[in-house]
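Please work through the following exercises with the sequence and the coordinates at hand, and attempt each task before reading its solution.

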Amino acid sequence: MQRFRLRGSGALKLFTFDDEVAAFNPVTWETHLLDASAADVLEALARAPATPESLAPLLSRSRAAEGADAAQLTRALLDQLEAAGLIEAEPVDATR
Amino acid sequence: MTLRMPSKEALPPYVRGLVEVLADPGRSVDLDLATWDGVVRVARSSQLLGTLAARMDAAGLMARCPAPVRNHLRAATMEARFLRHMALLEIELVARALAPRGVPFVLLKGAGYVAADLPMAAGRMLRDVDLLVPRHRLAEVESTLFDAGWRTDERLDAYDQRYYRAWSHQLPPMRRADAPLEVDVHHAILPVTGRIRPDSEALMRDAIPTGRGWKVLDPADRVVHAAVHLFQDSNCTDRLRDVVDIDALCRDLAAREAGFWARLVQRAELHGAMRPVGYAIEFARGWFGTPVGDEFDAAWRRARGRWASGWVIRRAQRSLPPTDFEQGRDRDQLRAARWMFLRSMWLRMPPWLLAYHAAMKVWRGTIARSQRPPGAGNR
Amino acid sequence: MTRLADLSIDALTALLAGRGLSLDFGDARARIRSEVAALAPAIQRAYGEFAHDADAAFHDVAVRLRRRGGAERLGGARVELESDADIPFAPFPAGIHLPLLEWGLNYLLAQRLNHRLLVHAGVVELDGRAIVMPALPGTGKSTLTAALVTRGARLLSDEFGIVDLEDARLHPLVRPVSLKNASIDVMSAFASDATFVPRFPGTRKGTVAYLAPDARSYRERRVPAVPGLVLFPRYEPGAQIRVETLSKARAFAKLAVNSFNYEILGPDGFDAVGRLLQASEVYRLSYGSLADAIDAIGELVSRLERHA
């Protein structure tokens, strides 16, 4: 099962304002604006790497989640976060 | 006849003040505000404000310096931190681009010091990332970087492009969109048309792998590079910093490796650069008190010609240090600086090429001045 | 220490030609020298309330205006600004001396004060709270800053929102407010008794004039202001006053993009913007008249929670 993790060993920084969040990427020093569910996902990954399935419940907070396929939404979000350079897929462990 | 060695007593007052505080940060507690004013200005224009801040900080002296001074030191620290972070990022991206092609590359100068995490790199004001690659792979490196998003400055006209490619020792600088630092790809550390030709193959062959996709120069080669850069480069404002680097490199390396000084002699002779290395060490010793190994001193004494080196040292004593701004324009210094510039160009290029280059620069300077709109930057 | 307004022109000219004028803007001190005598009356009007500090030994920036091109013949003479062997701009016509000084100081200070976050904004203080107005195009930022000041707000700066990296307070850098073209007439009509420095036509930004800082703004130049409002004004001729909220996340982006050194500061810049926004209320303000805008701003400030 593919897990994702935060990039870099530096601390992710977040400022939460109502339903949007400013995030600082300690690897690239870029700043991103994210919605609250994206921030929830990042905070979860900051605690430990996780699979898309385990992250899906976090997206229920997002308005866009109403009626949508949770798994698909999660995948889309993770793709965006990966493209933004905030997270990366954990390398597959050859010994597993 | 004894040779008069460079001494810090001959430096303009605020330059000397900076040299003394860099050598011994504890002296900063005795500086009054007027002296600090001069020292900070010289440091800033010599790209040494971050280095000064780092040394003050390492000595635990930031809290003891006056608040306005501390603000400038902290500002420089922030700038240096940014440049370091961006340089490491740039190096990482270059490594990713070149790794699939198997092109070895060596990081030079500041990028090398920072990537090797040397203590002397703390507070460094990096301006670009300098790399050394094998000459026969230069075209491949350029096209690989181009494919990965790096571009040369479009404003470089045909003359400048030709200067870089044919006569100089590097590609025109390349930059990714919005990146704060340029990448300068070299195939040699001195221009190929120059009279001193360091052995680029030896530089690459004996470079040290870091396990992260790039190499850094052999420690003795780092000193050789800093020394040839000091005397051959035409950019006046970097010279004091080059001497600071040479002092720091020698102290650090001599402490870590027994036999460093003997190796420095060996490498300086290998690259045919004994004279610039010798002069550079004289200035480091004269200004910063660098302890120098006997093996080096003996070899240097054998290598230099007496009367010529006295003349070079006197000239360099006048033109190496920056101005300290309060003296107004020191005519002697300007004259000596012009001489050093010509000498650096002479050592870079044969005389006929020098005459052509000088004529082109004057012509283009005239055009540029007549075309520049008021308010536009001239940097 | 003597106010510039109380010095004779001869004394001021001699000071500028000699060891230099020492001015304390608050968060920075400048030493100013000039070979161009015509600068003296202009600088006297622009900085009349400032005192020359003859004993100041350390300056954050030192500049010199130099004549170029020989004698000041009509139309031919030029002036250039030099600071520590750096000449940032191509020479200006000799008559544009004060704008050259002001733009030169802005350019140099924007590069040096990296121990603070520098937002490109006008900042005033009203009832103990800072009002930060980022300088997006079309805001009329300088005109609004000038108007607020003539109605009693304290001037911190019309160019730099200087945010403390520790506590997000705003630091003053008190300098003349620059007005351009049409806003010169608007402000002259709005505040007929304020001190304006005569116009400088023919600059690359058009005609420029300066509103001199008042005595109180100068006196309190070392007093930082606690965050209050971050305001995004928009001037729309003939519009009714309209106040709207703006999401702080959007405001974050606008502040970051309109800073001189947000990128350089990295994590510290991020924290400073975040803290400033946490401590402020954020609004968009559309206005067609300065008087309406000032009333609306006063109302917004009075509604802020009283700071302990």
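The exercises below concern a predicted model, and each task is followed by its solution.

**Exercise 1.** Determine how helix 12 and helix 13 of chain B are oriented towards each other, and which residues meet.

*Solution.* Begin with the axes: those of helix 12 (residues 274-288) and helix 13 (residues 294-303) of chain B come within 10 Å and cross at roughly 125°. Since angles from 65 to 115 degrees count as roughly perpendicular and those over 145 as roughly antiparallel, helix 12 of chain B is therefore oblique to helix 13 of chain B. The crossing is left-handed. Next, list the contacts: helix 12 of chain B contributes residues including Met274(B), Val277(B), Tyr279(B) and Ile281(B), which belong to a set that meets residues of helix 13 of chain B, among them Phe296(B), Ala299(B) and Trp300(B). Finally, sort the residues of this contact by class, which gives 8 nonpolar, 1 polar and 4 charged.

**Exercise 2.** Describe the order of the strands in the open sheet of chain C, and explain why strand 1 and strand 5 stand at the edges.

*Solution.* The sheet has 5 strands in the order 1-2-3-4-5, with mixed pairing. Strand 1 (21-24) and strand 5 (92-93) of chain C each have a single partner strand, so one side of each is left without a neighbour in the sheet. Further in, strand 2 (residues 29-34) and strand 3 (residues 61-68) of chain C pair in the parallel sense over 5 bridges, and Arg31(C) stands opposite Ala62(C) in strand 3 of chain C.

**Exercise 3.** Summarise chain B as a whole by its secondary structure, burial and contacts.

*Solution.* Chain B holds 16 helices and 7 strands, and buried residues make up 55% of its 379 residues. Of the contacts in chain B with a separation of 6 or more, 70% involve residues 24 or more positions apart.

Technical notes: Residues are numbered from 1 along each chain as its sequence is written. Chains are lettered from A and ligands numbered from 1 in the order in which they are written. This is a predicted model: local features need pLDDT of at least 70, side-chain atom pairs count only at pLDDT 80 or more; totals for chains, interfaces and linings use all residues. Side-chain values use heavy atoms; hydrogens and water are left out. Two strands pair if DSSP finds at least two bridges between them. Helices (H or I, at least four residues) and strands (E, at least two) are DSSP runs, numbered from the N terminus. Axes are lines fitted to C-alpha atoms, for helices over the stretch in contact, and angles run from 0 to 180 degrees between N-to-C directions. Angles under 35 degrees count as roughly parallel, over 145 as roughly antiparallel, 65 to 115 as roughly perpendicular and the rest as oblique. A crossing is left-handed if the near helix is turned anticlockwise from the far one by less than a right angle, and right-handed if clockwise. Contact means heavy atoms within 4.5 Å. Ala, Val, Leu, Ile, Met, Phe, Trp, Tyr, Cys and Pro count as nonpolar, Asp, Glu, Lys and Arg as charged, and the others, Gly among them, as polar. Buried means under 20% relative accessible area, exposed over 50%, partly exposed in between (1.4 Å probe, protein chains only).
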